[in-house]
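Colleague: I would like to go through this model with you. Shall we take the strands, then the pocket, then the backbone?

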Amino acid sequence: MDSIKVHNSLKPGGPVPFVPIEKGKISWYACGPTVYDQSHLGHARNYVSTDIIRRILTYYFGFEVKFVMNFTDVDDKIIIKARRQRLLDLEKQKRYTEEEILELGKAAFRAYAKSNLPELLEGDGELDVNNYIPRRDAAYGHVLAGGTLTGEGKPGDAEAKLKMHISNMTSAVIAINGNQVFNGADEILLPYLDSLYKETIDTSDQSIFTDLTRFFEGEFTDDMDALNVLPPDVVTRVTEYVPQIAKFVEKVVEKGFAYEAEGSVYFDITAFEKAGNTYARLRPESRNDKALQEEGEGSLSKSLGGKRGAGDFALWKKSKPGEPYWPSKWGNGRPGWHIECSVMASDVLGPRMDLHSGGIDLAFPHHDNELAQSEAYFCNHGHEHTWVNYFLHMGHLSISGSKMSKSLKNFQTIKDALASTYTARSMRIVFLLGRWNDGVEISPDMRTQADAWEATVNNFFTNTKSLLAEATGTTAVVSGDVKALSITDDKPQEGLRADLDQAKKDVETALTNSFDTPQVMRAIGEVIRKANVHINTHKSDTDLPAVEAIARWITKIVGILGLDANASPPYEGLGWASTAAAANLDPSTAVKPYKDVFKTISSDIQALNLSASDTITNLLSQSPDSEFDSLVAAGVRDPEQLGLTYLRAVSKLRDELRRLAPTASLETKKSILSLSDRIRDFDLTNLGVYLDDRPDQPSLIKFVPAAELIAAREEKAAKEAEKARAKEEARRAREKAEEEKWAKAKLAPEDMFKNDERYSEWDAEGIPTKMKDGSEVPKSQLKKLKKDWERQKKAHGEYQAKFGGSTA
């Protein structure tokens with residue numbers, strides 16, 4: 001553990017040695033979400049990557065981690081969304097005529113353009129829904145076509161924001177033209193209504209805000225559970241800390257690092273630096289970035305005045321009408337954004353912590369301001385205070401060059417992603433394939449790489465368990481769960497064993513090097529490749545103990561990385577843990593599906609009346625129940641292992657059926673092959689069991705998710721149906737062509753030109769000699785006519801030979 005190095009944003013450059021305040025323990029505060037909307041893939045990137053590091057520190061390196069995360073439930077974005085939604089609901093309750101609703105929509109339309117797309121207002125006459133499209137295309141067509149506002153470089157956040165506003169305006173035009181203002185123009189109505197009525201909202205009842213934040217906090221928590229993100233050890237909320245925040249601000253003011261102005265309190269950067277402290281230690285190059293400063297202060301703070309310095313930021317904001325408020329010595333107000341984390345983190349973890357983390361977009365001003373106000377609170381004048389030892393910033397997830405964010409509305413929600421394009425595992429693999437502190441650009445190549453890695457691991461686990469199950473045959477004495485499949489020995493470390501040792505060293509090196517998960521993923525992939533090569537080239541002398549050891553080690557690592565939601569530390573199984581295993585079902589309940597299939601198949605085989613086969617008779621007389629009872633008595637609870645007792649019996653019966661088929665009577669052979677296919681493709685597939693048929697060898701039993709097997713079966717059936725359809729279409733096309741051929745051949749060559757109006761005279765063979773106007777048929781045309789006549793003569797001769805008769 002002494003060799004761990006991490007990328008620390010407080011010390012730009014390469015990884016630095018990680019030394020916790022207290023040996024073996026880590027105090028960690030992570031900035032949580034502002035809960036006003038659904039969480040998106042950008043949040044998943046941040047919190048899944050954070051979870052991966054947390055799991056590595058806890059389950060690989062063995063640290064005792066105290067992990068604290070907040071929910072920001074007081075914020076300008078929350079206030080605006082909750083207030084606007086309330087105003088829209090109230091507006092919809094008013095008794096408007098259709099004309100009045102349309103006028104409301106048009107007024108909101110013009111106001112939105114004025115605030116966000118001012119170039120639409122240029123030109124003759126007033127902007128309206130009729131001239132919007134041509135004005136839009138004239139003003140912003142180059143951006144919509146993929147260009148930039150400046151005409152240089154690649155599109156970024158500014159272009160994404162512009163497209164969002166254009167999309168809102170275009171949707172509003174459609175809604176207004178369709179007399180659906182209240183059903184399709186919300187994005188332009190909300191800010192317009194807020195500008196008219198925001199001060200009329202009674203905020204003494206804060207449920208208008210807390211109803212929103214509690215709902216989305218629950219949604220976020222559900223999303224994190226779905227992504228297998230460990231819950232925080234401690235959760236904090238701003239609304240539960242407002243008195244402590246006010247006291248914290250009072251002390252910063254008393255120490256001379258903040259001042260009151262017009263009911264708000266601002267941090268005094270100049271005073272802080274004069275006292276020997278450093279401001280903007282994370283992003284010094286951004287300290288004068290006005291856009292970032294304004295974003296950090298919030299859109300509702302633009303009218304607040306009294307700042308001494310342009311970069312000074314709000315610790316406490318005077319509440320205006322339409323905003324929530326709490327009492328303080330400066331009057332009714334609410335916390336600034338940055339102060340919340342300083343107070344809550346310090347309350348739980350004390351004046352100094354090991355780790356603080358968040359998305360890279362929070363580095364400035366949020367985290368720099370956190371550092372400044374916390375260090376101001378705890379420092380002694382002339383002596384800087386270290387509030388955070390290591391700052392970890394997760395890289396952006398971007399789409400088309402822009403960061404994925406709620407404000408840009410260019411995001412896919414976590415719920416939508418998990419319902420359509422991702423599983424929790426595949427999403428985590430995507431993030432593991434990139435460094436946690438680097439940006440990630442969503443691309444098809446990235447998904448392909450992740451899917452390939454997952455398939456490689458899946459297949460290796462499946463094949464290893466199948467080989468072990470085949471090798472062990474039956475198990476009378478076990479130590480528990482899947483360990484019963486284990487084969488152990490004390491062979492020297494060479495070949496695959498040496499490969500495993502190297503993989504372990506590579507993973508250790510990678511994880512100590514700032515949690516280099518891409519290298520971990522490569523090491524796993526490489527040792528699987530070597531194991532697969534060994535299995536394929538040593539079919540008769542496979543080093544199964546080494547293969548098993550590799551599979552168990554990989555199981556442990558993927559468990560530590562959070563890739564197996566059904567597994568629990570210390571991750572000592574083999575392969576992905578099944579949902580049924582995680583549910584800890586009663587053994588009889590767990591094994592019932594396998595037992596039922598065995599009974600059904602045994603009955604169907606008996607119905608074939610194959611009494612001449614001593615092997616079949618012997619197999620049918622043997623019951624797997626005794627082996628099942630032995631496993632249960634030995635403490636086995638893994639459904640797959642319990643089910644193997646019945647699956648082996650089914651597989652042996654089916655193998656014997658396939659052996660008998662070639663020598664059986666035609667009818668019996670047909671019945672045997674039909675039953676054999678049904679067992680493989682339906683009975684076992686529906687249980688998530690695949691029988692890998694091998695020539696001259698028993699079939700291998702493989703556990704594969706039933707959904708995958710069923711999907712493959714349906715895909716195969718669809719392909720076969722398509723092949724049959726194409727074959728039938730080809731047959732019909734051939735028949736049609738044949739019919740048309742003989743219908744044409746039925747006509748005698750002497751008659752083929754007789755009805756052609758271009759000609760007026762023909763010779764004895766029916767070949768035209770005169771054109772309609774009485775002129776001779778041109779030689780070139782006559783030559784072609786004779787060739788056509790000869791072809792028809794030959795075809796007609798074939799027709800007569802086939803069908804008889806002399807003329808059509």
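Colleague: In β7, which residue is the bridge partner of Y259?

Modeller: This is a predicted model. β6 and β7 pair in the antiparallel sense, over four bridges. In β7, the bridge partner of Y259 is Y266.

Colleague: Which residue in the hairpin of β6 and β7 takes a positive phi?

Modeller: The hairpin has two residues between its strands. Most residues other than glycine have a negative phi. Here a phi near 55 degrees is taken by E262.

Colleague: What is the bridge partner of V265 in β8?

Modeller: Strand β7 covers residues 264-267 and strand β8 covers residues 314-318. They run antiparallel and are joined by two bridges. In β8, V265 is partnered by W316.

Colleague: Which are the edge strands of the sheet that holds β7 and β8?

Modeller: Four strands form this open sheet, in the order β6-β7-β8-β9, with antiparallel pairing. Its twist averages 25 degrees from one strand to the next. An edge strand pairs on one side only, and that describes β6 (258-261) and β9 (333-335).

Colleague: Why do β5 and β11 each have one side without a neighbour in their sheet?

Modeller: Five strands form an open sheet in the order β5-β4-β3-β10-β11, and the pairing is parallel. β5 (234-237) and β11 (388-394) stand at the edges. One side of each is left without a neighbour because each has a single partner strand.

Colleague: In that sheet, by how many degrees are neighbouring strands turned against each other on average?

Modeller: The sheet in question has the order β5-β4-β3-β10-β11. With direction ignored, the average turn between its neighbouring strands is 20 degrees.

Colleague: Which residue in β4 stands opposite A30?

Modeller: Strand β3 spans residues 25-30, and strand β4 spans residues 64-71. The two pair in the parallel sense over six bridges. Opposite A30 in β4 stands M69.

Colleague: Now the second largest pocket. Which element gives the most to its lining?

Modeller: The pocket has a volume of about 1200 Å³. Of its 47 lining residues, the closest to the centre are R425, W576, V704, P705 and E708. Elements that give two or more residues to the lining include α15 (424-432), α16 (444-472) and α26 (706-745). With ten residues, the element that gives the most is α16.

Colleague: How many residues of that lining are charged?

Modeller: The lining of the second largest pocket divides into three classes. There are 21 nonpolar residues and 16 polar ones. The number of charged residues is ten.

Colleague: Where is P365 found, in a helix or in a loop?

Modeller: A cis peptide bond joins F364 and P365, with omega about 5 degrees. Most peptide bonds are trans. P365 is found in helix α13, residues 363-378.

Colleague: And P570, in which loop is that residue found?

Modeller: The peptide bond from P569 to P570 is cis as well, with omega near 10 degrees. P570 is found in the loop between α19 (544-560) and α20.

Colleague: Where does F515 lie?

Modeller: F515 has a positive phi, near 55 degrees, and is a residue other than glycine. Its place is the loop between α17 (496-512) and α18 (517-537).

Colleague: Over which residues is the pLDDT below 50?

Modeller: The protein averages a pLDDT of 91, and 95% of the residues score at least 70. One stretch falls below 50, yet has 32 contacts in the model beyond near neighbours in sequence. That stretch is residues 474-486.

Terms used: Residues numbered from 1 in each chain as written. Predicted model: local features only at pLDDT ≥ 70, side-chain atom pairs only at ≥ 80, totals over all residues. Heavy atoms only, no water. pLDDT = per-residue confidence, 0-100. Contact = heavy atoms within 4.5 Å. 1 Å grid on protein atoms, 1.4 Å probe; cavity = no way out; pocket = protein on both sides within 12 Å on 5 of 7 lines; lining within 4 Å. Points joined across faces, edges and corners; volume = space filled by probe spheres on them. Nonpolar A, V, L, I, M, F, W, Y, C, P; charged D, E, K, R; others polar. Pairing = 2+ DSSP bridges. Axes fitted to C-alpha atoms, helices over the stretch in contact; angles between N-to-C directions.
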